[in-house]
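Here is a short tour for anyone who likes to read a fold with the viewer open. Please load the structure and keep the sequence at hand.

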Amino acid sequence: MTTSGTRLLTLWRRCRRLPAGMDLFSRLLARRVPYSGSIKPRVLALEPGHARVALKDSRRVRNHLGSVHAIALANLAELASGLAMMTALPAGVRGIVVRLTIDYVKKARGPLIATGYAVIPPIGEAAIEQEFVSEITDMDDDVVAHATVRWRLAPAPYGRAE
């Protein structure tokens, strides 16, 4: 059975070989996930259990203080977590966010990179909740935000997409 994560990885691997392929993949992802696409993220790396996503500092994501808005940072952290998690899920399992906590460490300015990691535990017949971490750094490699995203992982109902 092909999973959503497997399809995503296949598309990523095809796109990244093309000139401007990472941009193409990121635009396709933004169309598929419109809210996450609202911040215009750029996927830099994607493999099972790991994702790196960039955010360009632009007026569209800034707050009135001239730094990147807190919710844009939360959006970026959740996206990195979700891509890492989704690409690591076994067939027949799906996930949904049930909680997101984020600590804002310093003002976020300039280009940012969110890194998400996910190690999927064994999943039986009952839903489980698992926390995955995303960290957002600036161009000086300073942490600007640290997020913990709790996902409910459960077997997908028979015949339904993950």
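The report below covers the sheet, its hairpins, an aromatic pair, the main pocket and a few loop residues.

## The sheet as a whole

A word on origin first: this is a predicted model. Its sheet is open and has 6 strands, placed in the order β1-β2-β4-β5-β6-β3 with antiparallel pairing. The edge positions belong to β1, residues 42-47, and β3. Each of these two has a single partner strand, so one side of each is left without a neighbour in the sheet. On average, and with direction ignored, neighbouring strands are turned by 20° against each other.

## From the β3 edge inwards

Let us begin at β3, which spans residues 93-104. Which strand pairs with β3 over 11 bridges? The partner is β6, residues 143-155, and the pairing is antiparallel. Two bridge pairs can be picked out in the viewer. Arginine 94 has alanine 154 of β6 as its bridge partner, while arginine 99 is matched with arginine 150, also in β6.

β6 pairs with β5 as well, again in the antiparallel sense, over 10 bridges. Here glutamate 129 has arginine 152 of β6 as its bridge partner. β5 and β6 form a hairpin with 5 residues between the strands, and aspartate 141 in this hairpin takes a positive phi near 65°. Another residue to select is glutamate 135, which sits in β5, residues 128-137. Is glutamate 135 buried, exposed or partly exposed? Its relative accessible area is 32%, so glutamate 135 counts as partly exposed. Glutamate 135 and leucine 73 are separated by 62 residues in sequence, and their C-alpha atoms are 10.0 Å apart in space.

## The β1 edge

Now for the other edge of the sheet, where β1 stands. It is joined to β2, residues 50-55, by 5 bridges, and the two strands run antiparallel. One bridge pair here is glutamate 47 with histidine 50 of β2. The hairpin of β1 and β2 has 2 residues between the strands, and glycine 49 in the turn shows a positive phi of about 85°.

## An aromatic pair between two helices

How many aromatic pairs does the structure hold? There is 1. It is made by tryptophan 12 and phenylalanine 25 in an edge-to-face arrangement, with 5.1 Å centre to centre and 75° between the planes. The pair links distant parts of the chain, as tryptophan 12 belongs to helix α1 and phenylalanine 25 to helix α2, 13 residues apart. Both tryptophan 12 and phenylalanine 25 are buried.

## The largest pocket

If you plan to look at the pocket space, the largest pocket holds about 810 Å³. Its lining has 28 residues, and those nearest the centre are Ser4, Leu8, Arg32, Val33 and Met86. Sorted by class, the lining has 17 nonpolar, 6 polar and 5 charged residues.

Which elements supply at least two residues each to this lining? They are α1 (4-16), α2 (21-32), α3 (34-37), α4 (70-88) and β3 (93-104). Of the contributors, α4 gives the most, with 7 residues.

## Loop residues to check

Backbone torsions outside the sheet offer two more stops. Alanine 20, in the loop between α1 and α2, has a positive phi near 60° although alanine 20 is a residue other than glycine. With a relative accessibility of 52%, alanine 20 counts as exposed. Lysine 40 lies in the loop between α3 and β1, and its phi is near 55°, again a positive value in a residue other than glycine. Lysine 40 has a relative accessible area of 54% and is exposed.

Serine 38 also lies in the loop between α3 and β1. At 32% relative accessibility, serine 38 is partly exposed, because exposed means over 50% and buried under 20%. For a longer look across the model, draw a line from serine 38 to glutamate 125: the two are 87 residues apart in sequence and 35 Å apart in space, C-alpha to C-alpha.

Notes. Residues numbered from 1 in each chain as written. Predicted model: local features only at pLDDT ≥ 70, side-chain atom pairs only at ≥ 80, totals over all residues. Heavy atoms only, no water. 1 Å grid on protein atoms, 1.4 Å probe; cavity = no way out; pocket = protein on both sides within 12 Å on 5 of 7 lines; lining within 4 Å. Points joined across faces, edges and corners; volume = space filled by probe spheres on them. Helix = DSSP H or I, 4+ residues; strand = E, 2+ residues; numbered from the N terminus. Nonpolar A, V, L, I, M, F, W, Y, C, P; charged D, E, K, R; others polar. Phe/Tyr/Trp six-rings, centres within 6.5 Å; stacked < 30°, edge-to-face > 60°. Buried < 20%, exposed > 50% of the residue type's maximum accessible area, 1.4 Å probe, protein only. Pairing = 2+ DSSP bridges. Axes fitted to C-alpha atoms, helices over the stretch in contact; angles between N-to-C directions.
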